[in-house]
Amino acid sequence: MSARTLLDAVTPPPGLNGQVGLFLAMSATRPVLEQIVKRFTGLGRDRRAALGLPVGYLALDAHATEQRGELLSPLAVPGLLELAPTDRARHGLLHAKLALLAFGRSRVGPPAGLRLVVTTANWTDRSARHQLELAWLVDVPFGSRRILAAADPVDRADVAAAAAFVRRVLDRYDVPSTQRDGLAYADRLHELLDRCAEIAPSRGTRPRFVHSLDGPLLGALEAALRGKRGLNCVACGSGSFEPAPRRGRRDLEPRVLKALSALVPEDASKIVTVERSAAGALAGWADRAGEDGWSVREPRDPVRRRNPRALHAKFVLIGHARRGRVLRGILYLGSGNLTFRGFRWGLPQHGNIECGVILPFGGPRRFDDALESLYVSGKEVSSRDLAPDSAAEDEPDVKSAPLIETPPLRGVRLREDEVGPFLELNWRPGLKAGERFRVLVGDRVEEIEAGAERVRLPEDASPGVVRVERGNGIEPWTIAVETHAHRVAARPATPASFDEAMATLLDFPAPADDGADEDEEADREEVEEPDRLAPSAPTPVAPRALRDDIAKYPLQKAMEFLDALGAHQARVPPYLLDDWVQHLDVMLDSQFRSPDLLAWRGVGVPFRRALLAPGFRPLALAPAQLRRYRSIVERFIRAVEEP
Amino acid sequence: MPTSSASTWYAAAPSEGRSERRSLDLGLRPALRHFTDLVVPGVGRIWFVRQLSWAVAGLKLSTEPGGNGRRHSASSCALGIEALACKLAYENGAQLGRVIGKRAFARDEANPETRSFQALIRREHYVVNSYRARTVRALTSTGSGGRPAGLGLAHGPRFSGMVLTPAGDELACAFLDFHAGRSNVREHLLRWIGGGAIPARSPGLCRALHPQTPSAAERKLVAHRLVHVDTPDARKRAALARLLVRHPELPSVSGIVSALRRGDAERRRHADEIDLAFAFGAMLEKAQRLIGAVTVAMERSVSVDAAVLARRAAVRDGLAALRQAALEYARLELADPSRGHATAHGFAQRVEALADPGLLLFLASRDGKVVRRGDSGEIARGALFTTMPLVDLEGEADDDGASDPETNAGGRQFGLANLHALARDLGAERLG
């Protein structure tokens with residue numbers, strides 16, 4: 001068995017970087033999300049925060065629980081944005097667990113590969129460390145028609161089918177686009193889904209990916225088994241089972257297991273693996289399971305003997321076994337527990353939103369090895385060993401649960417007109433007319449009414465986020481601010497000196513080990529970031545040493561700036577030019593801000609000519625890259641020249 | 001011609017990394033940081049000189065091309081130097097007190113390839129939690145987010161983007177220019193980073209890199225930054241360091257406080273701050289122990305009514321102890337509220353105001369991981385529930401990576417244990 005962890009499913013293939021990903025699950029916790037995004041991008045949280053590039057989108061079940069009452073703050077895991085649910089998400093529990101990922105040689109250029117990950121795990125510490133989970137992934141190269149033609153059509157069909165499923169799930173969420181809503185923060189998600197849809201093979205290729213939006217997973221399993229003969233073994237397991245019946249006999253075969261029994265002949269060998277503390281209906285039935293042809297086993301953790309992990313994986317293996325070997329069969333693994341809502345009902349029948357894959361289980365392969373890799377032990381358990389509880393946390397009943405609180409603003413854009421910078425507010429529909437809110441930007445507080453279109457900012461302000469509170473001062477939300485560069489919640493560090501500003505500007509590309517070790521310190525210390533935005537927090541004093549450094553030797557510093565930037569740009573390889581232009585856009589703007597450049601005004605340094613000269617700017621810029629480079633330079637020139 | 005499917009499935013091994021359980025901080029982490037900065041400002045988690053030397057040397061070498069003409073990131077260079085120092089010390093078998101990564105080194109003993117730069121910067125050949133990752137706070141020259149500046153050895157908030165200050169550069173040179181055999185440390189390291197070999201059994205090089213043998217020049221420079229700079233923070237550190245360095249073992253807090261009280265007004269104010277910090281620490285510890293008692297009481301139940309729990313003897317005792325600690329914190333804070341922290345103040349107020357069941361529910365809401373507030377107002381097991389008769393404040397150690405005297409001292413020391421170790425490493429004569 002491989003020693004791969006859940007996090008390994010998001011690790012980029014050799015030579016590629018994680019570009020953008022969509023993470024779907026019922027639940028998630030911040031530390032695991034941070035590790036996932038760090039592993040996926042190879043970038044530490046400080047660097048991601050400074051860049052402000054959305055690298056991940058998160059869609060979780062929309063219902064409020066004791067653990068989760070609000071959306072993840074955009075500061076919690078820099079680069080990861082949680083999508084806000086709409087009222088459409090009220091119906092059904094989002095229980096599906098998958099990730100769609102794009103990888104490329106650069107971070108913002110065209111992708112070189114797409115990946116679909118289907119797991120039985122949520123993106124939580126509990127799943128990653130304390131539960132037995134299964135994961136399946138497929139990589140599909142992305143590029144020219146020739147490259148695509150070389151990929152396996154079923155792999156392509158899986159990715160495209162998953163993207164189509166995700167689109168339907170995201171109909172329940174607020175996913176704006178630049179064209180429709182003037183908000184750009186989800187544009188990279190739309191691009192990802194478009195790319196996944198593009199690789200769909202010609203019709204007739206049946207994907208292994210299945211879901212419950214149109215019908216139950218059980219139906220998909222039945223369809224996959226149609227025409228298969230000689231099936232004589234079943235091995236299944238689940239983190240949850242249907243609850244014990246409230247009245248009547250409790251020793252009858254649980255109905256989901258009965259449905260599985262119906263897929264194989266009566267004399268087939270059948271094994272079900274159950275966690276002792278969450279056996280549901282199996283607890284009352286285990287003692288007479290043998291009469292129904294079942295062996296009830298406990299799970300086995302192959303890694304931890306002491307304090308073993310709890311079974312959370314959901315799987316069904318049905319095959320033809322002979323002389324201790326599985327010769328052929330199918331394996332379902334995915335989010336759907338062996339419960340009514342997870343497996344027997346689809347969303348139309350008021351089941352959960354589930355997904356999974358049904359894989360051909362090729363052989364010959366030792367049956368015992370197959371069981372071991374599915375965490376099935378040889379140890380049978382009886383009713384005495386089992387608790388009739390169900391793991392309510394794994395599949396909560398959300399029929400009457402309220403939705404989580406969503407912020408009143410869908411998004412905020414930083415704009416500028418002849419008067420100065422302002423925030424353009426995009427309100428969520430359905431707010432009460434006249435409802436009052438307080439918008440906090442740094443230490444400034446503005447009282448506004450719902451529907452107000454803009455909030456004026458002081459000259460030179462460029463906040464990464466704003467906080468919004470209802471008039472009563474409770475329920476503050478942190479909203480990411482989009483800027484001209486389509487960067488979101490960017491928080492570049494303020495330089496304390498000219499050298500520091502140059503070091504940050506030229507800190508490109510990020511070292512390959514950045515995500516591994518760069519900012520463990522920051523990880524531990526910046527969790528409570530929003531505290532710094534509270535109006536009572538002292539206003540950070542921006543050191544003016546950069547301005548003083550430039551003022552002392554304006555010409556020398558200008559030459560140092562141009563020399564170092566020119567030399568650095570000349571070394572940027574062509575495949576990283578998209579990333580470099582993105583980096584320059586953010587860092588030039590944030591490190592060399594207008595008030596600091598006073599001393600360069602009127603001293604006659606030919607910044608424009610130098611920065612745009614063919615020998616100075618990066619070689620081999622594509623037309624789009626050149627346009628963006630020019631606009632970055634023009635903005636910098638304005639910062640230097642405008643009073 | 002399409003290739004065969006590139007799909008694969010696997011049974012997931014448990015992930016590495018820090019457990020969420022470690023953050024049994026009840027939302028008080030900002031206050032914890034505040035009080036640590038109040039007691040020992042600017043030192044972060046530094047406790048011996050070479051931690052700083054390795055870090056600044058990494059920053060310095062990242063600006064110089066290695067033997068193969070390539071430059072490596074500052075974090076790689078610093079991590080590599082630290083890992084090599086530990087590996088050579090391990091292989092030479094002497095003074096292993098501060099050597100980490102021993103488990104990986106033992107595993108790699110038969111494989112000489114693992115002494116290369118490229119290998120040693122990988123966590124599987126060294127550790128997950130390096131000393132390097134703990135240096136950022138101490139290196140900085142400017143404060144941020146209301147936190148004090150460090151020792152002023154580098155500018156910049158992020159390690160890889162840091163630029164050495166003149167003082168940092170001097171420390172890097174003191175470390176790198178030290179001679180070990182025919183070459184100095186810089187030449188050895190640049191060759192090694194560029195892909196060259198490193199002498200396996202060179203006592204000279206081992207000593208030049210070793211965590212326990214900083215040179216006199218390094219000690220002098222670090223001592224200067226720690227205590228001889230004229231800022232209020234440095235004066236605080238100086239008074240404490242001079243007091244602590246005389247004691248082979250960390251003295252008791254009451255001893256430290258009474259010694260400071262004999263000093264001038266600034267020292268007396270510092271003594272009050274230490275008292276307040278430790279009162280906060282006691283309040284947090286009592287709250288954590290109370291959660292421990294609750295988990296023991298819930299050993300056989302998934303959820304329990306808070307009123308029922310509050311009647312259990314151990315829980316009742318825990319509640320009383322927590323209230324007492326909160327009262328003491330509030331009393332000390334009242335003397336000068338500006339030294340307190342809003343989060344700690346609010347917590348203490350709730351502890352005082354709530355009745356027993358309400359207080360248990362409040363704590364369960366603040367934690368949410370080990371125990372949580374159930375949907376019907378009862379106390380329920382959280383996702384990371386485990387019985388904890390004595391609450392492990394930092395959780396289990398999951399590798400043989402960096403720990404510090406602070407962690408090993410038992411109970412929160414608010415930086416005093418680290419400063420004590422650092423002062424001892426510097427020597428009394430340099431702090432004078």
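Trainee: Which element gives the most to the lining of the second largest cavity?

Mentor: Helix α17(B) does, with three residues. Keep in mind as we go that this is a predicted model.

Trainee: Where does α17(B) sit in the chain, and which other element supplies at least two residues of that lining?

Mentor: Helix α17 covers residues 356-367 of chain B, and α13 of chain B also supplies at least two lining residues.

Trainee: What makes the lining of the second largest cavity nonpolar, by class?

Mentor: Start with the names: I291(B), V294(B), L360(B), L363(B), A364(B), V371(B) and I379(B) line this cavity. Ile, Val, Leu and Ala count as nonpolar. The tally is therefore seven nonpolar, no polar and no charged residues. The space they surround has a volume of about 40 Å³.

Trainee: How many cavities of 30 Å³ or more are found in the whole structure?

Mentor: The search finds four of them. About 90 Å³ lies in the largest cavity. Its lining has 14 residues, and P74(A), P78(A), G79(A), V488(A) and A489(A) are the closest to its centre.

Trainee: Which elements supply at least two residues each to the lining of the largest cavity, and how do its residues divide by class?

Mentor: The elements are α2 (45-51) and β3 (80-82) of chain A. The classes come to 10 nonpolar, two polar and two charged.

Trainee: Back to the helices. Why is α13(B) called oblique to α16(B)?

Mentor: Set the angle against the cut-offs. The axes of α13(B), residues 265-297, and α16(B), residues 342-353, cross at roughly 55° and come within 11 Å. Roughly parallel needs an angle under 35 degrees, and roughly perpendicular runs from 65 to 115. The angle fits neither range, nor the one over 145, so α13(B) is oblique to α16(B). The crossing is left-handed.

Trainee: Which residues make that contact?

Mentor: From α13(B) they are F280(B), M283(B) and A287(B), and from α16(B) they are A344(B), F347(B) and A348(B). By class, this contact has six nonpolar, no polar and no charged residues.

Trainee: What makes α15(B) and α17(B) roughly perpendicular?

Mentor: Helix α15(B), residues 313-335, packs against α17(B) at an angle of about 80°, with the axes 11 Å apart. That value falls in the 65 to 115 range, so the two helices are roughly perpendicular to each other.

Trainee: How do the residues of the contact of α15(B) with α17(B) divide by class?

Mentor: They divide into six nonpolar, no polar and two charged. Helix α15(B) brings V315(B), L319(B), L322(B) and R323(B), while α17(B) brings D356(B), L359(B), L360(B) and L363(B). Arg and Asp count as charged, so R323(B) and D356(B) are the charged pair in the tally.

Trainee: Why are α12(B) and α13(B) called roughly antiparallel?

Mentor: Helix α12(B), residues 253-261, meets α13(B) at an angle of about 155°, with the axes 7 Å apart. An angle over 145 counts as roughly antiparallel, so the name fits this pair. This crossing is also left-handed, as is that of α13(B) with α16(B).

Trainee: Which residues of α12(B) and α13(B) make the contact?

Mentor: Helix α12(B) gives V253(B), I256(B), V257(B), L260(B) and R261(B). Those from α13(B) include R267(B), H270(B), D272(B) and F278(B). By class, the contact has seven nonpolar, one polar and five charged residues.

Trainee: What lines the second largest pocket?

Mentor: There are 34 lining residues, and E242(A), P243(A), F340(A), R341(A) and W345(A) lie nearest the centre. The pocket holds about 1,000 Å³ of space. Its lining divides into 13 nonpolar, eight polar and 13 charged residues.

Trainee: How do you know that the peptide bond from F508(A) to P509(A) is worth a look?

Mentor: Most residues other than glycine have a negative phi, and most peptide bonds are trans. The bond from F508(A) to P509(A) is cis, with omega near -5°. P509(A) is in the loop between α13 (498-505) and α14 (514-517) of chain A.

Trainee: What is the phi of A620(A), and where does A620(A) lie?

Mentor: Phi is near 60°, a positive value in a residue other than glycine. A620(A) lies in the loop between α19 (607-612) and α20 (623-641) of chain A.

Note on methods
Residues numbered from 1 in each chain as written. Chains lettered and ligands numbered in written order. Predicted model: local features only at pLDDT ≥ 70, side-chain atom pairs only at ≥ 80, totals over all residues. Heavy atoms only, no water. Axes fitted to C-alpha atoms, helices over the stretch in contact; angles between N-to-C directions. Helix = DSSP H or I, 4+ residues; strand = E, 2+ residues; numbered from the N terminus. Left-handed = near helix turned anticlockwise from the far one by under 90°. Contact = heavy atoms within 4.5 Å. 1 Å grid on protein atoms, 1.4 Å probe; cavity = no way out; pocket = protein on both sides within 12 Å on 5 of 7 lines; lining within 4 Å. Points joined across faces, edges and corners; volume = space filled by probe spheres on them.
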